[in-house]
Amino acid sequence: MNADLHSHSVFSDGTLTPEALASRAHRNGVTLWSLTDHDTLDGQVSAQNAAVALGLSYLTGVEISASFLGKSIHIVGLGVDIQNLPLQQGLEHIRRGRWQRGQAMASALDAAGIPDAWQGAMRFASHPETVSRAHFARYLVQQGICPTIHAVFQKYLVPGRPGYVPHQWASLQDAVGWIGGAGGLAVIAHPARYRLTDMQEYALLCAFKECGGTAIEVVTGSQQPSEYSHYAAQATYFGLKASRGSDFHCPKESRMDIGSLPALPPECVAVWE
Ligand code: AMP
Ligand code: MN
Ligand code: MN
Ligand code: MN
C-alpha cells in the first residue's frame, strides 16, 4: 500500500489543482490518497472525483490549525464527513482569523520596509480565505527580497522575526472534537516540526490521546528520516496509530514528492488499517 495522507492544493497553500495533484499521485504509484488543505474542505469534491476517475482510493482530509502551549500545531483529520456543520463552522472561524492575521502580517512587513505585501500575497493565493505565510513567502522571493522560500521564513516569518504575527488558532480539544464529530480520525501532523521539549511533547501526546486522537505522523516529508524511529516509539508508547504523508505543496518547493515516501517502520500500526 502506497498511502499518502497529507498534501496541499491551490485551495490552501499548494500550487497544483486537486486534479493535477491526483494525476501526480497516480503517476507516482500512490494507491490511497488524501488531500489535506489547511482549514478548508473546498477542494474535497474535486479531489475525490479526480481520484475515483483514476482508480485511486481516496480519504477525505483537512489539516486544522490549532494552538497548544502557545505554539501553532497542525491536526490532520482523515475520513471526515465534509457536510458536517460543526466542522464546517469551526473551519470558517479559523479562516476568518487567518485573514485577519494576514492583514496584520502585511502591516508588520510594511513597518519592516516591505510595502504592498497583502496585494503581493493575494497574487499567489487563488483562494484568499486560506491565505498563508507561504503566499507571502512566494511574493518576497518574487520581489528578490530573499533567494528562497526557506530564507524568507528564517528572516521574516518565524517567531521573533519582523513579519511574524502571533495568532490564536483553534484549541486542540476543538480541532480533535470537530474531526471526531464528523466521523473522522485525528492525526498529529509532523510532530518534530514544533520544536517541543520532551515534557511539552509528552503533554501534547497525553492531551491528544485524552481528547480522542487516533494517530501521529511518523513518516512525513516535514520530518527528517532520523526522526521516524522516535515517533514510531512514541506511537507504540501512547497506543496511537501511525500515518504517512508527504506534505507535498509544490514541485519546486517541496522536499518530498507525493507518493515518494519510505514505508512505515514495521512496528507501527498504520492508521489506514
Ligand atoms: P501558516 O499556516 O499560514 O502559518 O503557514 C504555515 C505554512 O507555511 C506551512 O503549512 C508550510 O506550507 C509553510 N512553511 C512553514 N515553515 C516553513 C519553512 N521553514 N520553509 C518553507 N515553508 C514553510
Ligand atoms: Mn502549508
Ligand atoms: Mn502542517
Ligand atoms: Mn501540511
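The questions and answers below go through the metal sites, cysteines and salt bridges of a predicted model.

Reader: Which residues are the protein donors of the manganese ion (ligand 4)?

Author: The donors follow the spacing H-x1-H-x54-E-x183-D along the chain. They lie 2.1 to 2.2 Å from the ion. The protein donors of ligand 4 are H6 (NE2), H8 (NE2), E63 (OE) and D247 (OD).

Reader: How many residues apart are H8 and D247?

Author: H8 is in the loop between β1 (3–4) and α1 (18–27). D247 is in the segment after β9 (241–245). The pair links distant parts of the chain, and the separation is 239 residues.

Reader: Is H8 buried or exposed?

Author: A residue is buried when its relative accessible area is under 20%. The relative accessibility of H8 is 0%. H8 therefore counts as buried.

Reader: Which residues supply the protein donors of the manganese ion (ligand 2)?

Author: The donor atoms lie 2.2 to 2.7 Å from this ion, and D13 (OD) is listed twice among them. In sequence the donor residues are spaced D-x24-H-x210-H. The residues are D13, H38 and H249.

Reader: What is the geometry of the site of the manganese ion (ligand 2)?

Author: The site has six donor atoms. Six donors count as octahedral if opposite donors are over 155 degrees apart and all others between 65 and 115. Here the angles run from 52 to 155°, so the site is irregular.

Reader: Where in the chain are D13 and H38, and how many residues apart are they?

Author: D13 is in the loop between β1 and α1. H38 is in the loop between β2 (32–33) and α2 (44–54). The pair links distant parts of the chain, with a separation of 25 residues.

Reader: Are D13 and H38 buried or exposed?

Author: The cut-off for a buried residue is under 20% relative accessible area. D13 has a relative accessible area of 5%, so D13 is buried. H38 is at 7% relative accessibility, so H38 also counts as buried.

Reader: Which residues are the protein donors of the manganese ion (ligand 3)?

Author: The donors of this ion follow the spacing E-x10-H-x115-H along the chain. They lie 2.1 to 2.2 Å from the ion. The protein donors are E63 (OE), H74 (ND1) and H190 (NE2).

Reader: Which strands hold E63 and H74?

Author: E63 and H74 are 11 residues apart. E63 counts as buried at 0% relative accessibility, and H74 counts as buried at 14%. E63 lies in strand β4 (residues 61–68) and H74 in strand β5 (residues 71–78).

Reader: What are the distances from the manganese ion (ligand 2) to ligands 4 and 3?

Author: The manganese ion (ligand 4) is 4.6 Å from the manganese ion (ligand 2). For the manganese ion (ligand 3), the separation from ligand 2 is 5.5 Å.

Reader: How many disulfides are there?

Author: A disulfide needs two cysteine sulfur atoms within 2.5 Å. For C211, the nearest cysteine sulfur is that of C206, 11 Å away. For C250, it is that of C146, 17 Å away. The count of disulfides is zero.

Reader: How many salt bridges does the whole structure have, and which residue meets R24 in one of them?

Author: A search of the whole structure finds five salt bridges. In one of them, R24 in helix α1 pairs with a residue in the segment after β9, 233 residues apart. The N to O distance is 2.9 Å, and the partner of R24 is D257.

Reader: Which helix holds both E92 and R96?

Author: The side chains of E92 and R96 meet in a salt bridge of 3.4 Å, N to O. E92 is partly exposed at 40% relative accessibility, and R96 is partly exposed at 47%. The two residues are four apart, about one turn, in helix α3 (residues 85–111).

Reader: Which residue forms a salt bridge with D247?

Author: The closest N and O atoms of this pair are 4.0 Å apart. D247 lies in the segment after β9 and its partner in the loop between β7 (185–188) and α8 (198–210), so the pair ties together parts 54 residues apart in sequence. D247 is buried, with a relative accessible area of 7%. The partner of D247 is R193.

Notes: Residues numbered from 1 in each chain as written. Chains lettered and ligands numbered in written order. Predicted model: local features only at pLDDT ≥ 70, side-chain atom pairs only at ≥ 80, totals over all residues. Heavy atoms only, no water. Donors = N, O, S within 2.8 Å, 3.2 Å for Na, K, Ca; no water. Buried < 20%, exposed > 50% of the residue type's maximum accessible area, 1.4 Å probe, protein only. Tetrahedral: all angles 85-135°; square planar, octahedral: opposite > 155°, others 65-115°.
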